[in-house]
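I sat down with this one to see how the chain is put together. My notes follow the order in which I looked things up.

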Amino acid sequence: MSRPASSAGGRDDLALELAATAARLIAEDGCDYATAKRKAVQLVLGDAAGARGRLPENDLVESELRRYLRTFGGERHAALLAELRAVALELMEFLAPFNPHLVGAVLNATATEHSALHLHLFTDSAKDVEIFLLNERVRFGVEEADEPAGALETIHMQLPRRLLKGRSSPLDAVLIVLPTDAVRTSPRFRSSDTSLSPIERAGRAGLPALRALLSAPGSGG
């Protein structure tokens, strides 16, 4: 269904509607951000000319996704978030030799039942990570890393049962291997949502920060 956006307020309303639609697609269907935004434009604007240029910003989609999950997920989403963070802590302790940091949806409170764990590992040898996983009999695949800039490689792994903290369903993790010194660079994706704790907004959390987050009341721990 097409709708005009003739004023500044109209454009803002349209961006919000697109972001809210994209957020629903992420929450309900497990779409990634790029796919959800494209589908949202199609659903809201149809074949309107120039629709491609109306894709909402990721920050707005993230904000709407967080609002959607709080509104419709409630305690169920809080429990899921706590579960995923506990498993993330288990995985990070397992990968402690590579200075793991939690990033993405599990940290910024937008995780859904479709979410994988996303970690940054800081080590100068991606091969060392592969050897470690092989020795631990963990199933994984490797590909070149497109982002962030300077990343050595991306490792996709399925968590072995011993790391699932009693979780009944399987869970995947995406490990981005970065050079050791890259930890000094500020995270690219930080949230400005003041309803989040400083740790959740930071964009990246090492083991001490994640432990503090899990022990804080009302933060999914």
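These entries go from the overall fold to the long helix, the cores and a handful of single residues.

**Entry 1: the overall picture.** I noted before anything else that this is a predicted model. I counted elements and got seven helices and five strands. Reading along the sequence, I wrote down the pattern α-α-α-β-α-β-α-β-β-β-α-α. Next I checked the radius of gyration, which is 19 Å, close to the 17 Å that the globule rule gives for 221 residues, so the protein is as compact as a globular protein of that length. I also took the box around the C-alpha atoms along the principal axes, and its sides are roughly 60 × 35 × 30 Å.

**Entry 2: surface and contacts.** I looked up burial and found that 45% of the 221 residues are buried. The protein exposes about 11,800 Å², and carbon and sulfur atoms supply 50% of that area. For contacts I kept to pairs at least 6 apart in sequence; of these, 62% join residues at least 24 apart.

**Entry 3: the long helix.** Helix H3 runs over 58–94, and I wanted its end-to-end span. A straight helix of 37 residues would span 54 Å, yet H3 spans only 31 Å between its end C-alpha atoms. Where is the kink in H3 centred? I found it on Gly73, with an angle of about 115°.

**Entry 4: the cores.** I pulled up the largest nonpolar core, which has 38 residues. The ones with the most contacts inside it are Leu91, Leu95, Leu117, Leu133, Leu159 and Leu175. Several elements each supply at least two residues of this core, namely H3, H4, S2, H5 (126–135), S4, S5 and H7 (207–215). Which element gives the largest share? That is H3, with eight residues. I then clicked on Leu91 and listed what it touches beyond four places in sequence: Leu117, Leu119, Met157, Leu159, Leu163 and Ala173. There is also a second, separate core of 13 residues, and it includes Ala22, Ala27, Ala36 and Val61.

**Entry 5: charged residues in H3.** I went looking for charged side chains in the long helix and stopped at two of them. Glu64 lies in H3. Is it buried or exposed? Glu64 has 10% relative accessibility, and since the cut-off for buried is under 20%, it counts as buried. Leaving aside neighbours within four places, Glu64 is in contact with Leu16, Ala19, Ala20 and Ala23.

Arg66 is in H3 too. With a relative accessible area of 2%, Arg66 is buried. Its contacts beyond four places in sequence are Asn108, Ala109, Thr110, Ser191, Asp193 and Leu196. I took one distance here: the C-alpha atoms of Arg66 and Asn108 are separated by 8.7 Å, although the two residues are 42 residues apart along the chain.

**Entry 6: two positive phi values.** I checked the backbone next. Most residues other than glycine have a negative phi. Ala109, which I had just met as a contact of Arg66, has a phi near 70°. Ala109 sits in the loop between helix H4 (105–108) and strand S2 (117–122), and at 9% relative accessibility it counts as buried.

Lys165 has a positive phi as well, near 55°. I placed Lys165 in the loop between strand S4 (153–158) and strand S5 (172–178). Is Lys165 buried or exposed? At 55% relative accessibility, Lys165 counts as exposed.

**Entry 7: His120 and Leu207.** I closed with two more residues. His120 is in strand S2, and it is buried, with a relative accessible area of 15%. I listed its contacts beyond four places: Asn99, Pro100, His101, Val103, Pro148, Ile176, Leu178 and Arg204.

Leu207 is in helix H7, and at a relative accessible area of 13% it is buried. Which residues does Leu207 contact, leaving aside neighbours within four places in sequence? I got Leu89, Met92, Glu93, Ala96 and Pro100. Pro100 is thus on my contact lists for His120 and for Leu207. Last distance in the notebook: Leu207 and Met92 are 115 residues apart along the chain, and their C-alpha atoms are separated by 6.9 Å.

Definitions and conventions:
Residues are numbered from 1 along each chain as its sequence is written. This is a predicted model: local features need pLDDT of at least 70, side-chain atom pairs count only at pLDDT 80 or more; totals for chains, interfaces and linings use all residues. Side-chain values use heavy atoms; hydrogens and water are left out. Helices (H or I, at least four residues) and strands (E, at least two) are DSSP runs, numbered from the N terminus. Buried means under 20% relative accessible area, exposed over 50%, partly exposed in between (1.4 Å probe, protein chains only). A nonpolar core is a set of buried Ala, Val, Leu, Ile, Met, Phe, Trp, Tyr and Cys residues joined through side-chain atoms within 4.5 Å. Contact means heavy atoms within 4.5 Å. The expected span of a helix is 1.5 Å times one less than its number of residues. The bend at a residue is the angle between axes fitted to the seven residues ending there and the seven starting there. The radius of gyration is taken over C-alpha atoms; the globule rule is 2.2 Å times the number of residues to the power 0.38. Accessible areas come from the Shrake-Rupley method with a 1.4 Å probe; for residues, only the protein chains shown count as cover.
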